[in-house]
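Okay, my turn. Have a look at this one while I talk, and stop me if anything is unclear.

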Amino acid sequence: MPSHDRVLPPLSRRGFLTAGTAAALALAPGPAWAGPRPFGRYGSPTARLTPKTLYVHPAGRGDFTSVQAAVTAASGSGWTLVVAPGTYRETVAVDATRTDMTWIGAGDDPRAVVIVYDNAAGTPKPGGGTYGTTGSATTLVQADGFTAHRITFANDWLRADHPGVSGTQAVAIKVQGDRSAFHHCRFLGHQDTLYADSMALGVFARQYFAHCYAEGDVDFVFGRGAAVFEHCHFRTLTRTDLSSAPYGFVFAPSTARANPRGYLVTRCRVTGEAPDAYYKLARPWVPSSDPTARPSLTVRDTHLGPGIDAVAPYANMSDSFPWQDQRFAEYRNTGPGAVVTVPENRPRLTATEAESHTRGAYLGDWRPYERP
């Protein structure tokens with residue numbers, strides 16, 4: 001990557017759990033809210049950027065001490081939340097009425113602002129039953145026009161701590177709104193970390209992830225959204241509960257058949273801490289709620305590390321829906337995980353076909369990659 005795209009060496013979620021607060025957040029020793037200007041260049045409650053700017057601070061130096069409290073207060077459209085450095089252990093939901101909302105992490109690095117919780121699909125709910133995959137999400141975004149800058153979204157539920165729980169999906173964030181953009185954000189989890197989805201089967205939600213970092217093991221980027229990932233880093237985690245490959249899958253799109261656009265991964269990199277060839281690049285998800293889905297994934301101009309199985313990079317989630325019948329394709333990828341050894345296992349675009357697999361083609365008249 002060019003020097004201006006450089007990010008700090010990734011801290012795995014296990015590292016986040018075990019490190020001290022200062023180390024995990026890449027901050028100097030001392031409280032995360034120390035200093036005379038906890039919101040940096042983004043103003044303060046006494047000097048707001050705009051009348052619709054709210055400030056969140058864990059020790060009470062803002063308008064609210066929790067992100068959810070600020071979201072609840074920001075009814076309607078066009079609000080900005082400036083979030084001071086700190087760890088916010090809570091679940092947060094942005095419903096569909098709170099459109100065109102922006103969250104800004106006030107730290108210089110996304111590690112400084114962490115929104116984290118620890119529900120899993122199999123976690124019992126207080127009123128009975130379990131949360132399910134969607135209910136496990138630490139953050140849920142349903143509104144159109146949502147934008148986040150320099151924030152870490154995490155789910156720190158661990159299989160090892162809950163050996164009796166079979167529902168091990170634990171979502172860091174579920175995004176369903178159209179025109180949802182994430183810049184320099186981090187997504188930490190294990191199974192089903194980043195749920196890039198839409199509000200309904202017939203709704204094609206466009207999403208854009210730029211200079212982001214996501215880690216996990218099983219299907220950790222998944223859903224039916226029309227999502228572009230550009231200059232992102234995907235990191236596969238090792239597993240102590242398995243003794244053989246595969247450990248997991250990076251992508252599991254569930255694109256609706258009528259949607260011409262699924263996931264586009266461009267100018268990214270995939271690395272990992274697992275042994276070589278222990279991960280598949282993707283498998284198609286055809287959910288029971290949409291048996292006609294035809295998952296779509298294009299990975300282009302991306303570096304695939306040795307953790308990706310170059311011989312057989314794709315697998316079936318169900319033999320009833322073989323990956324060969326889906327819309328999977330690659331173009332000009334590099335690295336040991338991109339070496340073509342069995343051509344029929346590596347569906348590739350021609351140069352002409354690749355012209356329709358660009359961020360502009362996927363996002364249309366919405367251009368979140370352009371500076372205002």
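So, aromatics. There are 22 aromatic pairs in this structure, and keep in mind that we're looking at a predicted model. A pair of aromatic rings gets described by the distance of the centres and the angle of the planes. Take Phe222 and Trp285: their rings sit 5.7 Å apart, centre to centre, with 50 degrees between the planes, and that makes the pair tilted. Where do the two partners sit in the chain? Phe222 belongs to strand 16, residues 221–223, while Trp285 is in the loop between strand 22 (279–282) and strand 23 (296–300). They're 63 residues apart, so this pair links distant parts of the chain. Phe222 has 4% relative accessibility, and because the cut-off for buried is under 20%, Phe222 counts as buried.

Then there's a cluster. Ring pairs tie together Trp103, Phe146, Phe153, Phe182, Phe187, Phe209, Phe229, Phe234, Phe251 and Tyr263. Some of those names come back in the largest nonpolar core, which has 64 residues: Trp103, Phe182, Phe229 and Phe234 have the most contacts inside it. Apart from that core lies another one, of eight residues, including Ala181, Val228, Leu264 and Leu363.

Two arginines also sit over ring faces. Arg261 is over Tyr362, at 5.1 Å from the ring centre, and Arg359 is over Tyr369, at 3.8 Å.

On to the sheet. It's an open one with eight strands, in the order 3-6-9-12-15-18-21-24, and the pairing is parallel. Why do strands 3 and 24 each have one side without a neighbour in the sheet? Strand 3 (86–89) and strand 24 (303–304) are at the edges, and each has a single partner strand, so one side stays free of neighbours. Further in, strand 12 (residues 186–188) and strand 15 (residues 213–216) run parallel and are joined by two bridges. Phe187, which we just had in the ring cluster, has Ala214 as its bridge partner in strand 15.

Last stop, Thr152, in strand 9, residues 152–155. Is Thr152 buried or exposed? Buried, with a relative accessible area of 0%. Leaving aside neighbours within four places in sequence, Thr152 is in contact with Pro110, Arg111, Val113, Val114, Ile115, Arg186 and Leu188. Two of those contacts have a polar side to them. A polar atom of the Thr152 side chain lies 2.8 Å from the backbone oxygen of Pro110, and a polar contact of 3.2 Å joins the side chains of Thr152 and Arg186.

That's me done, questions welcome.

Key: Residues numbered from 1 in each chain as written. Predicted model: local features only at pLDDT ≥ 70, side-chain atom pairs only at ≥ 80, totals over all residues. Heavy atoms only, no water. Phe/Tyr/Trp six-rings, centres within 6.5 Å; stacked < 30°, edge-to-face > 60°. Helix = DSSP H or I, 4+ residues; strand = E, 2+ residues; numbered from the N terminus. Buried < 20%, exposed > 50% of the residue type's maximum accessible area, 1.4 Å probe, protein only. Lys NZ or Arg CZ within 6 Å of the ring centre and 35° of its normal. Core = buried A, V, L, I, M, F, W, Y, C linked by side-chain atoms within 4.5 Å. Pairing = 2+ DSSP bridges. Contact = heavy atoms within 4.5 Å. Polar contact = N/O pair within 3.5 Å; in protein donor to acceptor, adjacent residues only side chain to side chain.
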